[in-house]
Amino acid sequence: MGNISIRELSYAYQTDGNTLPILRAASLELPSGAFATVSGPSGSGKSTLLNLIGALDRPQHGNIKVGVVELGELSDWQLAGFRSRMIGFVFQSFHLLPVLSATENVAWPLYFQGIKRSKRMEIAREKLELVGLKGHLNKVPGKLSGGQRQRVAIARALATEPSVVLADEPTANLDRKTAEEIVVLMRSLNENAGVTFLMATHDPMVVAHALQRIELVDGKLIEQKQIQRQEVLAHA
Ligand SMILES: Nc1ncnc2c1ncn2[C@@H]1O[C@H](COP(=O)(O)OP(=O)(O)OP(=O)(O)O)[C@@H](O)[C@H]1O
Ligand SMILES: [Mg+2]
């Protein structure tokens, strides 16, 4: 189950003896199967938030729950296991390994699950087919277009059958048409497989496709419907 529950989450960076608060007692509830965006100005903490949900960092205060797992209760070792089983990551610059073929890139995260090579490659081919890359299985990233590379990255994120995919500016390096194709693809994967997607983005087109729209404002997470409701109340 890919529901995400965030309670009173705070996070600050320490630099040169200064404390830079980023998240300030932020809370959020996302249902399993959400297709959500988190937007906000550059530096507002979107990537920081995704890193905390994906257990790349630990909260300083507050709780994050993904499915039934309370991240704060896990050891470092258990967090690594949580990350590899429950979370898929998609990045702005794709982060593919340049010497590996598309299939090998997608198969890579399965290596850490102790799955044998022939099975890993079979799963990878299946996922690449799902993202429309059946004809490009053996190409290295350098031989693929930006949109195709992001499709490989999405297939890789899905290889381990995660409950949640965290995508950090997934369309920022793509032209407009390709960007929209990528979002439509993610939405269809979300709809068909029930995987929760949370995307950090500046892109209004991505936000327009989202079912849940979250703003990161002064370290707080605000769902857009709440903003609208507040506006309605203000005018009542
Ligand atoms: N490791 C770090 N150490 C110190 N400060 C950091 C670190 N990582 C990020 N920051 C600062 O924390 C703030 C939030 O960064 P973050 O990357 O989460 O923002 P963002 O919303 O993702 O921005 P962008 O839209 O530019 O990607 C920024 O001011 C950034 O400079
Ligand atoms: Mg960022």
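The paragraphs below go through the sheets, the helices packed on them, an aromatic pair and the pockets of this predicted model.

One sheet is built from strands that come early in the chain numbering. Four strands make up this open sheet, in the order 2-1-4-5, and their pairing is antiparallel. Strand 2 (18-30) and strand 5 (69-70) are the edge strands, each pairing on one side only. Strand 1 (residues 4-15) and strand 4 (residues 61-66) run antiparallel and are joined by five bridges. To find a point of reference here, look at Ile6, whose bridge partner in strand 4 is Ile64. Helix 1 (residues 46-53) packs on this sheet and touches strand 1, strand 2 and strand 4. The direction of helix 1 makes about 120° with that of strand 1.

The other sheet to follow has six strands. It is also open, with the order 6-7-8-3-9-10 and mixed pairing. Its edges are strand 6 (87-91) and strand 10 (220-223), and each of these pairs on one side only. From one strand to the next, the twist averages 20°. In general, strands of a sheet pair through backbone hydrogen bonds, in either the parallel or the antiparallel sense. At the strand 10 edge, the partner is strand 9 (residues 212-217), and the two pair in the antiparallel sense over four bridges. Within this pairing, Val217 stands opposite Lys220 of strand 10.

Turn now to the strand 6 edge and the helices there. Helix 2 (residues 76-86) lies across strand 6 and strand 7 (164-168), and runs at about 70° to strand 6. Helix 5 (residues 146-158) also packs on the sheet, touching strand 6 and strand 7. Its direction makes about 165° with that of strand 6.

Aromatic rings give another way into the six-stranded sheet. The structure holds six aromatic pairs. One of them is formed by Phe35 and Phe197, whose ring centres are 5.8 Å apart. The angle between their planes is 55°, and the pair is tilted. Phe35 belongs to strand 3 (residues 35-39) and Phe197 to strand 8 (residues 196-200), so that the pair links distant parts of the chain, 162 residues apart. In the strand order of the sheet, strand 8 stands next to strand 3.

The pockets come last. Which residues are the closest to the centre of the largest pocket? They are Ser84, Ile87, Phe89, Pro109 and Phe112, out of 19 residues that line it. This pocket has a volume of about 530 Å³. Helix 2, strand 6, helix 3 (102-111) and helix 5 each give two or more residues to its lining. The lining of the largest pocket divides into ten nonpolar, seven polar and two charged residues.

The second largest pocket has a volume of about 210 Å³. It is lined by 14 residues, and the closest to its centre are Leu158, Glu161, Pro162, Ala193 and Val195. Two elements, helix 4 (117-130) and helix 6 (176-193), give two or more residues to this lining. The largest share, three residues, comes from helix 6. By class, the lining of the second largest pocket has seven nonpolar, five polar and two charged residues.

Conventions:
Residues numbered from 1 in each chain as written. Chains lettered and ligands numbered in written order. Predicted model: local features only at pLDDT ≥ 70, side-chain atom pairs only at ≥ 80, totals over all residues. Heavy atoms only, no water. Pairing = 2+ DSSP bridges. Axes fitted to C-alpha atoms, helices over the stretch in contact; angles between N-to-C directions. Contact = heavy atoms within 4.5 Å. 1 Å grid on protein atoms, 1.4 Å probe; cavity = no way out; pocket = protein on both sides within 12 Å on 5 of 7 lines; lining within 4 Å. Points joined across faces, edges and corners; volume = space filled by probe spheres on them. Nonpolar A, V, L, I, M, F, W, Y, C, P; charged D, E, K, R; others polar. Phe/Tyr/Trp six-rings, centres within 6.5 Å; stacked < 30°, edge-to-face > 60°.
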